[in-house]
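Dear colleague,

Please find below the sequence and structure that I am handing over to you. My findings follow after it, grouped by topic.

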Amino acid sequence: MIADDDEKWLAAAIAAVKQNAFYMQRAIDSNNLKDALKFSAQMLSELRTSKLSPHKYYELYMRVFNELGTLEIFFKEETGRGCSIAELYELVQHAGNILPRLYLLCTIGSVYIKSKDVTTTDILKDLVEMCRAVQHPLRGLFLRSYLAQVTRDKLPCIGSELEGDGDAHMDALEFVLQNFTEMNKLWVRMQHQGPSREKEKREKERNELRDLVGKNLHVLSQLEGVDLGIYRDTVLPRILEQVVNCKDELAQCYLMDCIIQVFPDDFHLQTLDVLLGACPQLQPSVDIKTVLSGLMERLSNYAASSVEALPNFLQVEAFSKFNYAIGKVVEAQVDLPAAGSVTLYLFLLKFTLHVYSDRLDYVDQVLGSCVTQLSATGKLCDDKAAKQIVAFLSAPLEKYNNVVTILKLTNYPQVMEYLDHETNKAMAIIIVQSVLKNNTHITTADEVDALFELAKGLIKDFDGKIDNEIDEEDFQEEQNLVARLVHKLYNDDPEEMSKIIFTVRKHILTGGPKRLPLTIPPLVFSALKLIRRLRGGDENPFGDDASATPKKILQLLSETVEALSDVSAPDVALRLYLQCAQAANDCELETVTYEFFTKAYLLYEEEISDSKAQVTALHLIIGTLQRMRVFNVENRDTLTHKATGYSARLLRKPDQCRAIYECAHLFWADEGENLKDGERVVLCLKRAQRIADAVQKMANASRGTSSTGSVALYVELLNKYLYFLEKGNSEVTGDTIQSLAELVRSETKKVESGAESFINSTLRYIEFQRQQDGMSEKYEKIKMEWFE
């Protein structure tokens, strides 16, 4: 309803403006000064309305403004025809109402100034003072806006045709400052016009009119002759006085932004203490973050664009002033939320990184200031504040692209302490990803210790809580980051690398049952790499007290892998024990190697109960034991006997058969005659064949349609016999192979076995070897008639 009334009143006012403008134009065309003034005054009287909203009033004003341009031209022409400009200046003051009178006075005043018949200063003083007569906020604001518009190109600044003598440019400055002050007062008073229930609406309307006030500051910034001295001593103090004293949130926020945007960068830098000194005096509701961020961003760009400007930043101690000012703002605004204070320090940090990137002490000082502020808050539960902290901590990472640089900041980890578990983990991920992305080399134990403290959100449970609620795939990916990080830690010096491994172990072992199976393996393999490096040198290149000896490192690994037994990861632990056994064997440490095998056997016996897991584990044990060369006869026989015993006790017969024929390799090693026992090889193979026979009988008894499994076992055994035949085992004879081959043929004829492809491949291999030099003699004992 109100909107409809607004439209009606605006339409009526515009119609009246058009009608009076028509008669004014007709009078102008007739050179009838009296009627031109009469109808122009009637047209301007429409601006006396109080019915229109600011937005609609602005539309009406623009209609009138366009018509006043015609009137101004007419006044110029009248003076050209001999009419006295002074008399015109007096004549317009006889208009009946104050508002039309002042609009006419401003119009003729602009012509009067151009005529140079009187000093510009006198006219400007006269106009700016007489405009005080209109105190209605909306009407007065637009009147002074018109005054600023028509006099903008007529100010006596240095270099203009209206320069005048002496300090005329100071008079122009005074005129603009005075008009700005009065306009701001009128603009602020608008908030009190109308009922309190419409306050939000009025603030929106006021916000739409803010540029009317701000244009004065733009004019000030363009005035010639306003140098740094005048700006520092006169302009800035006068503007800030008005900003602070008006005590209006909207005005303060907008005008501070205007100051920052319209005046030169160097002016801001040289008057930084004055500008920043006003910030704590602003209303608590003012968005001081926007103000300070705008100022710091502009000065950052200034520093980036001009190398010559950097010494000025150091000279005026810009960092110290910003740091002090932000502290004062936080102190003054007691209700400022944690997110707000962190945001302020985030802007300061970005400013410091842009301007003082080589001053890590400044960066650390900002972090310290933030810690001081957060100390009164405790851990941040507010999501917005936590996100700001993440952005705050990410800024140095993005700037330096080097975590090693971040580790030099003593306050960095203290800031992270104020994050809750989830946000701490998110920040840890960012830090680790930075190391991996930038291929950062972490080369000392101290750096590793500091880095893992920062990344503890990924490495350990907080307050005894386990990440049970996290998606399993996400958890795996997080721990994969930790594993990759461990492999990035390297130092050419074995002693320092050993210290790094000990440090990593200290942190990794705090990980809890869910993490250890994923994080211990990369630590173990990193240590095994070091052992391989040490293996090529002296047995103990650093003395008995050195930590970087294979034996000491393997002892450390033994204790480390043992932790997996306590967290229900026996399969992982067994694999790692076998890897360590291989390393100990390569270092010719028999006792250590035997100890690792003993632990692997205990795990197999006590912890691995699933039949499939047993098969896998046993094949790993046999494969690793086969490669051992460090054992004496007694130890080797003990371990071999255990392995064959485990094989015979597997749940499924086919698994028993395969494990036992794999054990045959334990009695035949290519290196060294003392590791070749052909008789025991054949005993293993025959024992495996007996088990295969039992499998075959069970298949026949069940009258199944297929005996794929049993026939496949025979073919596998046939291949094992062929292998040992080629290796020179004299106990493997052609008759044995012939007998097994005949068995395969007979069983295959009984029923479709499904193993024909395997059988044919084996036969083709035999035929191929019969034709090879050096092999034909071994294979000639095997008669081929059986496969025709």
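**Cavities**

In this predicted model, the structure holds three cavities of 30 Å³ or more. The largest cavity has a volume of about 60 Å³. Its lining is made up of Ala148, Thr151, Arg152, Leu155, Phe175, Val176, Asn179, Asn216 and Val219. Two or more of these lining residues come from each of α7, α8 (168–189) and α10 (210–222). Helix α8 gives the largest share, three residues. By class, the lining of the largest cavity divides into five nonpolar residues, three polar and one charged. As general background, a probe the size of a water molecule, rolled over the atoms, shows where empty space is left.

**The largest pocket**

The largest pocket holds about 520 Å³ of space. It is lined by 20 residues, and those nearest its centre are Ser50, Leu52, Ser53, Pro54 and Glu205. Helices α1 (2–29), α7 (137–151) and α9 (199–208) each contribute at least two residues to the lining of the largest pocket. That lining has eight nonpolar, five polar and seven charged residues.

Aspartate 29 belongs to helix α1. Is aspartate 29 buried or exposed? Aspartate 29 has a relative accessible area of 57% and is therefore exposed. Its C-alpha atom is separated by 9.1 Å from that of phenylalanine 74, although the two residues are 45 apart along the chain.

**The chain as a whole**

The protein chain has 39 helices and zero strands. Its radius of gyration is 46 Å, well over the 28 Å that the globule rule gives for 788 residues, so the chain is more spread out than a compact globule. Taken along the principal axes, the C-alpha atoms fill a box of roughly 140 × 65 × 55 Å. Of the 788 residues, 53% count as buried. Among contacts in the chain with a separation of 6 or more, 72% are between residues 24 or more positions apart.

**The nonpolar core and buried residues**

The largest nonpolar core has 266 residues, and Phe313 and Tyr412 are those with the most contacts inside it. Leaving aside neighbours within four places in sequence, phenylalanine 313 is in contact with Leu269, Leu299, Tyr302, Ala303, Ala318, Phe351, Val355 and Tyr356.

Tyr412 also appears among the contacts of serine 394, which touches Tyr412, Met427 and Ile430 when residues up to four places away in sequence are not counted. Serine 394 is found in helix α20 (residues 383–400). With a relative accessible area of 8%, serine 394 falls under the 20% limit and so counts as buried.

Threonine 352 is found in helix α18 (residues 338–355). Its relative accessible area is 0%, and threonine 352 is therefore buried. On the same basis of leaving out residues up to four places away in sequence, threonine 352 touches Phe319, Ser357, Tyr362, Val363 and Val366.

Which residues of helix α24 (residues 445–454) are buried? They are Ala445, Glu447, Val448, Leu451, Phe452 and Leu454. What covers them includes α21 (403–406), α22 (412–416), α23 (421–437), α25 (456–459), α26 (472–487) and α27 (494–508).

**Loop residues**

Three residues in loops may be of interest when you look through the model.

- Serine 306 lies in the loop between α15 (288–305) and α16 (310–315). At 18% relative accessibility, serine 306 counts as buried, because the limit is under 20%. The C-alpha atoms of serine 306 and aspartate 364 are separated by 25 Å, with their positions 58 residues apart along the chain.
- Glutamate 317 is placed in the loop between α16 and α17 (318–332). Its phi is near 55°, a positive value in a residue other than glycine.
- Asparagine 401 is found in the loop between α20 and α21. Phi of asparagine 401 is near 50°, again a positive value in a residue other than glycine. Asparagine 401 has a relative accessible area of 41% and is therefore partly exposed.

For context on the phi values, most residues other than glycine have a negative phi.

With kind regards

Methods
Residues are numbered from 1 along each chain as its sequence is written. This is a predicted model: local features need pLDDT of at least 70, side-chain atom pairs count only at pLDDT 80 or more; totals for chains, interfaces and linings use all residues. Side-chain values use heavy atoms; hydrogens and water are left out. On a 1 Å grid over the protein atoms alone, a cavity is a set of points where a 1.4 Å probe fits but cannot get out, and a pocket is an open set with protein on both sides within 12 Å along at least five of seven lines; lining residues have an atom within 4 Å of a point. Grid points are joined across faces, edges and corners, and a volume is the space filled by probe spheres set on the points. Helices (H or I, at least four residues) and strands (E, at least two) are DSSP runs, numbered from the N terminus. Ala, Val, Leu, Ile, Met, Phe, Trp, Tyr, Cys and Pro count as nonpolar, Asp, Glu, Lys and Arg as charged, and the others, Gly among them, as polar. Buried means under 20% relative accessible area, exposed over 50%, partly exposed in between (1.4 Å probe, protein chains only). Contact means heavy atoms within 4.5 Å. A nonpolar core is a set of buried Ala, Val, Leu, Ile, Met, Phe, Trp, Tyr and Cys residues joined through side-chain atoms within 4.5 Å. The radius of gyration is taken over C-alpha atoms; the globule rule is 2.2 Å times the number of residues to the power 0.38.
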